[in-house]
Every structure is written in C-alpha cells, then in structure tokens.
Amino acid sequence: MSAQRLQSGGRIDRQQRIEFNWDGRSLRGYAGDSLASALLASNETVLGRSFKYHRPRGIMSAGVEESGAMVTIGRGARRDPNVKATMQELYQGLHASGQNAWPNVRYDVGAVNSLFGRFFAAGFYYKTFMGLPPFEWGSKGTGLWMKYEKIIRKAAGMGAASREPDPDVYDHAHGFCDVLVVGSGPAGLQAALTAAKAGMEVWLVEQDCLLGGDLLNLADEKTEKKRLELIAELEQAGVRMMTRTTAFGLYDNGIAGLLERVTDHLAAAPAHLPRQRFWTLRARHTIVASGAMERGMAFGNNDRPGIMNVAAGRTYLNRYAVRAGQQVVVATNNDSAYDSAADLAAAGAKVCLLDARTRIGSNMLDIAGAANISLHTGSVPLNARGLPAVNGIDVAAAAGDGWAFESRLNCDLLLVSGGWSPVVHLMSHRGVKPVWDAEQACFIAPPIEEPIHVAGSAAGIWNTDACFDSGKSVGARVVKALGGKARARAMPEVGGWANPIRPVYEVRVDGRKTKAIVDPQHDVTADDVRLAHREGFVSVEHLKRYTTLGMATDGGKVGNIIGLALMAEAIGTEIPNVGTTTFRPPYTPVAIGALKGRNVDEHFRPLRRTPMHDWNLQQGATMTMAGLWHRPWYFARSGETINEAYVRETETTRATVGLCDVTSLGKIAIQGPDATELLNRVYTNPFAKLPIGKARYGIMLRDDGMVMDDGTTWRLSETDYFMTTTTAHAAKVMVWLEELLQTRWQDLRVHVTSVSEQWAGSAVAGPKAREVLSACVEDADVMSSDNFPFMGVIETTLKGGIPCRIARISFSGELAYEAYVPSDYAPAMMDLLWPEAQKHDGCLYGLEALGAMRIEKGHVTGAELDGRVSIDDAGLGKMANPDKLFIGKAMRNRPELLREDRPRLVGIKPVDTGQTFNAGSILCASNKVSGLGEGWITAVTHSPAMGHWIGIGFIAGGHQAWEGKTLVAADPVRKGNINVEIISPHMYDPSGEKMYG
C-alpha cells in the first residue's frame, strides 16, 4: 500500500494535531480522524491477525462492519479488546495495540498456523480432539479430550481484557418519544424533519460522531449545503439528535435499546460524566433508516491488507483526506462503484475498474471516460498477490457461466463491491424474516405489522435523491398514524441503479487452487462451507455453528450473504430456500459495564436505608446487608472485635435493656370490611376473634403446604390491621396478597398497601424495657403491665408529640416491645430512647446479637424457612387450626409431609463445649459420616446464656429421635468433624417466664 494524506480536503481539523500511540510507536493524526484513518494515513499496513490462521489483517471497511482492524484500546484497568479501529475516534494520548499475535501483529509467530491450514478446516476440533484411532475408543478418548480442552480454551478469544476492576462509571437512562429515527443519512434526516414539523417529539440517533450518514463521504458542496440546512432545521424543530449512539436492539412494545458513548472520544473525561449511557427508549413509532453495508466477493487471498470495500476507499478519501493507494483496482458488479472510482482518479490515483458485467449503460461509460479510468468489462479479481499486503491481482474474465484466467495487474490497493445488503438486523429482532430480492441481490425487510418503518437504503433504495424522498414518505406515514397532518408522498421503488447488478459471490477457476475467505474474522473459507454441506450440515443454523460463520462481533454483517450463496449452490437451490440465521441483539457489542450501569459494589442490588441509618452510624454501627437493607451488624466499642461486641450486646440486653433498629421488617396495612376474613384465610391460626388492641403471631403457607413466612399482625380497629413480615419476604408476601385479592377472592372488600417505608421501628428489649418506654411516652400509665399485657397493642404519643404505635412482642425471649413512628420521626424517637437506655447501662445491638438471642430462644427466620420446610418441620404444627380453612391446609396434610422421619427443628450443642462448629454443616450418625447425612445446621452462635456455642437446624425425626445420642457435624471443607448432641431448640427460658414478666 502507498496510502497518503492529501494536502487539502476532508472533514479533519488540520489545526489540531493529535499524537497517539500504536504498538509502542508514536504517530500523529488530526482532530476528526478515526483511529483507522490515522493509521492508514501513517501507511500502517497490518493492524490485526485473524483468529484461526493468524493471517495478516488490514483495514477492510470504514464502519461497524470492520473485520480486520480489531485492536485493543487503552492500558491497565482501561484496556478494551476487540475495538473496531474504524469506529474509534482519535484523541490526544490514545494508546492502541494489535491483538491475537506475538510478539506483534507485524511479525506473528502464530502465523505458522497457516502452514497447517489443510488440517484446520471447518469442524477440525470436533474430529481431531476426540482422539486419533484407535485412541478415541473407550475411556481413552475422554482423557484425550480433557487435555485438548485446556489447549482450546487457552487459544480462544481474540484480545485480552483487563483483569483489574473497571474504573469507569456507566449510567442507565429512560426516555420516551413519539418517533424514534435510527440513522442520520438522507432518509433519516428527512424522516425526522417531516415528523418534527408535524409537531411530533422526535429522537434521531446516529452511531457516528457526525450526522449525515453517507452524505459525509461525498465531496460536492451542494450535498454538504443540504446536509447542514437539514441539521439546522432539525435543531429549530426541537429534534433530539444523539450522535455516538447505537440502537443495538428493538424489543416489545416499541422499546429500543440505545448505547450512548459519552466520553469514549475524550482524552480526559470530566469526572461527572459516565463513560457510556444505556438508554431504554419507548417510542410510539420507530423509523429504521440504518442504511446498507457493502459486501465483497470471495476470491483467492481476498483478506490481504490493502483490500477493502469501495465505499471505504471513498470515505477515507473524501471524509478523512487519505488516498488509500496510488495504483488502484476497483472491482464491482454494480453501478455504485463508478463515482468512487472517479473520485479516486480525481485525487491523483491511477484507477483500473473491473466490472463483472459484460454490458453497461452509456452513463457508466461516460463516468469512466471523463475520469480517465481504465475500464475492463466482464472481469473480476481471481487472486490477490503480495505478502503481507496486496501488490497485484490475477484477473479472471467471463467465460460462459464461469470464469477463466485472463491477465495480471499490478496495484497497491484493491477496492471491491459485490453488492449492498440493507441493514435489516433491527427488524429481525422483532421476528421479521427478511425476504430475498433477486433483482437487487439482497435481503429486504417485508411489511411489518408493528409500528416500525424502513426508509432509505435500509429498504433497498440506492439513489440518494430517492432516499430523501423515502424519508419524506415514511415520515408522513408515521405522522398520519399518530393523528397528525402531513402531505402524503409516494414511496420510491426499490433499487435505483441504471444498470442491473450481476450477482457475484465467489470467483474460482477450474484447476487453480485458491483460499477464498468468506468470514475474515474467523478464517471461514469457501471450501469450509462446501465441506459443511458434504458432511451433512445443510441447515443454515448448522452451517453457522459448524464453520463459525458470522459469529462474535461480526454477527454475519460481512460474510453471511456469500455463505448462503455458496450453500445454495452446493445444495442446488436458490438463496431464499437456504434461509437465514436469526440476527439477535445486540447489533453491535455492548460492554458489560454499560449493561450493569451503576449497579456495582454496594449498589449491585437496590440499596435501602432505614430512617435511622445516619443515626446508627453516628453511634458507631458497623453495617451489613439484610435483604436489600443496610442494617446495623454490631456496635463495637474501642478495641472490640465483632465476637466481643455481639456477646456484650447480648449479655447487656438480657441483663438490662437494648435497642435495635427493626425498620426493615415488612409492614403492610390491611384495611376494609373483609380484612379479618382475609387474614383468617391466609394464616394457619385463627384471626377471626382477635380483639382490637391485640397482636397475634401467625404462620402463612404456600399452596403446596410449605411455610411461606411468619410474622405478627396487629388489630388497630374493626377494619384496620397492621401486618409485619420478615425482611427477606416482605415483597413476596405483598405480591401474594395482591394476587389473592385480584384473582381468587375478588369479592373480598379489602385494600392492602405496603407501608414498610412509612414506619420506622425500634425493638426495646430487656428487663428494663418498660421503664425506658415509660420515660419516653407522654402518658406513662399506658405502659403498666395491667394496661399493656403481652401481645397488646397501643397507639400513643411519645414526648414531643411524636405519634407512635407500640406492641408488646418479644423476639429475644425477654420482656420486649416494638415501637413504630412515622419515618420522619425516627431519629427523634431514638434520641428519646437512647438516653433513657443509657441510664440503665443499656446498649444498642445489631443483627449479630439479635441472631444470637433468637437462636437461644429457638425462633426461626429465613435461614430455616427456606421453602422446603412445613409448619410441622418448624415445630409450629399446633398453630395449624384444624377447624378452619386456610391456604395450604389440604396440601399440608399430604402423607409425605406427615412422615415421622421428616427433618424437624432441633437445637444443637457440641459434646465438648469448648469446640465451635459452622452453619451449613451436615449432621451425620456417628457410624455413617457420608452422603447427605441425617440433617443440617442452619444457624450457630456463641450463647452467652449457656456459655458455649449452640446452633439450630433440622434432623430426621426431630429431637426425640436423637435424644441422648452423639452425632457428627461434618464440615470437611472448613472445620472438619465435631461431635454434637441434639437438644430442644428452645434453649433459653423455655417456659417463657422472662418474656411474660
């Protein structure tokens, strides 16, 4: 190649020189360059290596269809592989390097693979890595495969991603519009303007950094003036124009996925901006004006550097002022290449044009003659010569229905146009199968039932003026569909060339062996396609997977049509009978970072904080996740470890008083004349006679009889209840109640509302709990034992006029209360409670101490109620009232759930009380430590009350079946085996004296 930057022209800013680094060497370009154009201007020839054979790859295109110039951008944590150099804007300090090569892309040791190409045909790994006869027979084949698999996995992939955490920030955003226009070429600009002038809200998205599509690649002033006028009118009409934004997928109900590259083109991105923004856009109508992609032809060594599509040669010339070669051969089978050839000739290149057609019209002859182009009709390239880059070609001439060798031509650039393929990928995402148009030799989207419309080259319209007209026509059609007024315009006919295309997919001559590449990224050859047919892979989907044609970042953009044509020829049928593979989103690769957005680290899941969050932090809380909530884990004093802190908190609460933030419990308001009936149906125990001002603990079952959740429900009035659920199951219970009311019991007059965020709660537990609360309420008499019995509920006022609901409920086994206030009053409530607790040497306690106390008491939580546990397994069978109906009652009585040997809730302690053990350990009989054992441990803690470690879990038959026997808590990965005893799960105050005190 002899690429050269022209002294004038193009859209680059010659006043802004940009230095960048390519493979360790410093190079220069200009503002407005792409990385590909800057490398081409520097006459860099080899920019990549192919996947399988490590053949040299140069620039093959100027757009998203690039399969050769796949490079790695950035260094360290910001290293991104498989970036298309044609799509990467140049910026100051950019670092780029080749990939899939060692030591570099210019001199790659892996190129030795080409010498063994005959052994690496399609499907070679399926055959070779099963082993060689007779070694693949029996178990030996499996052993060999396991060895080969490691080699295959190590060789897989093109570039190497960074192993460091991604330092960049990504955003998610949502939008709505009347009309989404994808693509800003002639059709897209005109369609957007037509809709906007009719008063529609229009979004125009363009993956390029400039608006105009193919208009950017034309050099005449008239076209440029029209482009600028259209953009100005769009701005005036209020169209939202988003450059550097790719519509990568269309989904149900008018939803489009957009990827906006916000700072990928900046050397130093502002700290407040994300790198990329993932848009979920809802549009009433979508206009796809995504254009068409030029395809090549399959001939010998057609993947050599210095071979690219014709449109790319024109783009680099007119947009980037880079003449990609001096001695240029243009090979075509259609009219579109003639203007490009003329532009190159006008720029000083010596141009020879090979046209596969034997007859062309006078208009094409006039263009070639005026530009002094050497024209050869009935001619095509047969084989490219030169290494690593092309320096000449063998030419074949038409001979009947085939081709015959004719001559040789010297050249340093070969531009090929084998026809154009409309970009129908987005319509394919909606399940629309493209239809083959034999006259235009391409697939075209058929009429679509959804509000999706196709305009311009995406609809198979080739003439620029006709593309403008199609934009007007489609825009007017959309306006009318939306109820607006627009002048109806006829849609131009498909096509537009003066001379018909001659389909040419592969050029070969009998007796001459050549390697014709169909998919340059994966080294899929024409012979691979024919081999797939010979081996029985006639389905297009099987062809794709057997040969890897059209996989990975290419997605079938480059070689699919040629591959289908070759398969059709092998089968002896036409292309439409072969069918097409399914184009699935994303149309172009989307970074995982963009998909996850800001949902990383502590924001990986939605983060919920209680109203006491900041207050807890001020008191020294260490936070942890409970469900989606941040809750205090423990409150360590100076020098305390977590173990020391939670033991102290447990002992203090048992001895005096402790405060715990319980806001994260689910809270549901159940109101209406039939609220009592609803509760009576969903809970196993009766609620029909629950008095006003009382609370009751309840168990809720699923339809299959398994426990769904437990919690308390407070009766505030005849028709008003306040339900609490576990933190983990709050949303599930809420959805469950709504489903019941909307589908099964539509006759019940009940409203259910989640009020979890409206109420903040604190548990006040311990022997001094009543004294603390009495000092904080305005009327201390309401807290007396006579006025406020166990499971009682009051609505009162805290000092300072704070409205408050209090229930006398114990989760810790001590005298305890739960106090709830409107969320805004949460810090004020704690400022009242905490000084009073301190007067009694009380403490704040977190989840670790709460867990220790509940294990001592034998209370179950989500760790035990994991969806496999029946109410009897949990030791709560007496709460299932046999005299009333409730959800899960029938299934709860299945024989399988009533077996005496089912795992039942038990307490566990070590035989040697100085030993510890872990949750998750398997409980095994001492003479059979294997398999699934007899049960499992769900939770463990050090028990201050008992002075050693304890746990709860499940074991077959329950406590009575194993009383007095020694078992083994098997934990081979962590602790090893520990001898344990099975005891009652109610290890602390089993009679409940303290709780009722």
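Is D252 buried, partly exposed or exposed? In this predicted model, D252 has a relative accessible area of 46% and is therefore partly exposed, since that class covers values between 20% and 50%. Its salt-bridge partner is R430, with the closest N and O atoms 2.7 Å apart. The two residues belong to distant parts of the chain, D252 lying in the loop between β12 (245-250) and β13 (255-261) and R430 in the loop between α9 (425-428) and β26 (435-437), with 178 residues separating them in sequence. R430, at 19% relative accessibility, counts as buried because the limit for that class is under 20%.

This pair belongs to a set of 53 salt bridges found by a search of the whole structure. Another of them joins E233 to K197, the closest N and O atoms of the pair being 3.1 Å apart. Here the link runs between two helices, E233 being placed in α5 (residues 221-236) and K197 in α4 (residues 186-197), at a sequence separation of 36 residues. E233 is partly exposed, with a relative accessible area of 31%, whereas K197, at 59% relative accessibility, counts as exposed. A further salt bridge is formed by R277 and E260, for which the closest N and O atoms are 3.0 Å apart. R277 lies in strand β14 (residues 276-288) and E260 in strand β13, so that this salt bridge ties together parts of the chain that are 17 residues apart in sequence. Both R277 and E260 are buried. Elsewhere, salt bridges with shared partners connect E506, R508, K513, D527, R530 and E569 into one network.

Turning to the nonpolar interior, the largest core comprises 55 residues, of which F20, W22, L35, Y316, V330 and V351 touch the most other members. At least three residues of this core come from each of domain 1 (1-167) and domain 3 (296-418 + 501-511). A second core, separate from this one, contains 33 residues, among them A760, I802, M829 and W834. When neighbours within four places in sequence are set aside, the contacts of W22 are with L27, L39, E44, V46, L47, V71, A96, S97, G98, V105 and R106.

W22 also has a place in the strand pairing, since it stands opposite R25 in β3. Strand β2 (residues 13-22) pairs with β3 in the antiparallel sense, over seven bridges. These two strands form part of an open sheet of five strands, arranged in the order β3-β2-β8-β6-β7 with mixed pairing. The edge positions are held by β3 (25-31) and β7 (80-84), each of which has a single partner strand, so that one side of each is left without a neighbour in the sheet. From one strand to the next, the twist averages 40 degrees.

A further set of paired strands centres on β48 (residues 948-956), which is mostly covered, eight of its nine residues being buried. Strand β45 (residues 903-910) runs antiparallel to β48 and is joined to it by six bridges, with A956 of β48 as the bridge partner of P903. Strand β47 (residues 935-943) is likewise antiparallel to β48, in this case through eight bridges, and the bridge partner of H942 in β48 is W949. The hairpin of β47 and β48 has four residues between its strands, and within this hairpin G947 takes a positive phi near 80 degrees.

Among the helices, α20 (residues 769-776) has A769, V772, L773, S774 and C776 as its buried residues. The elements that cover these residues include the strands β40 (759-765), β41 (793-798), β42 (802-807) and β43 (816-822), together with helix α21 (826-839). In an α-helix there are 3.6 residues a turn, so residues three or four places apart point the same way. Helix α19 (residues 730-744) contains E738, which counts as partly exposed at 32% relative accessibility. The C-alpha atoms of E738 and L850 are 31 Å apart in space, while the two residues are 112 residues apart in sequence.

Technical notes: Residues are numbered from 1 along each chain as its sequence is written. This is a predicted model: local features need pLDDT of at least 70, side-chain atom pairs count only at pLDDT 80 or more; totals for chains, interfaces and linings use all residues. Side-chain values use heavy atoms; hydrogens and water are left out. A nonpolar core is a set of buried Ala, Val, Leu, Ile, Met, Phe, Trp, Tyr and Cys residues joined through side-chain atoms within 4.5 Å. Buried means under 20% relative accessible area, exposed over 50%, partly exposed in between (1.4 Å probe, protein chains only). Domain bounds come from an automatic or database domain assignment. Contact means heavy atoms within 4.5 Å. A salt bridge is a side-chain nitrogen of Lys or Arg within 4 Å of a carboxyl oxygen of Asp or Glu. Two strands pair if DSSP finds at least two bridges between them. Axes are lines fitted to C-alpha atoms, for helices over the stretch in contact, and angles run from 0 to 180 degrees between N-to-C directions.
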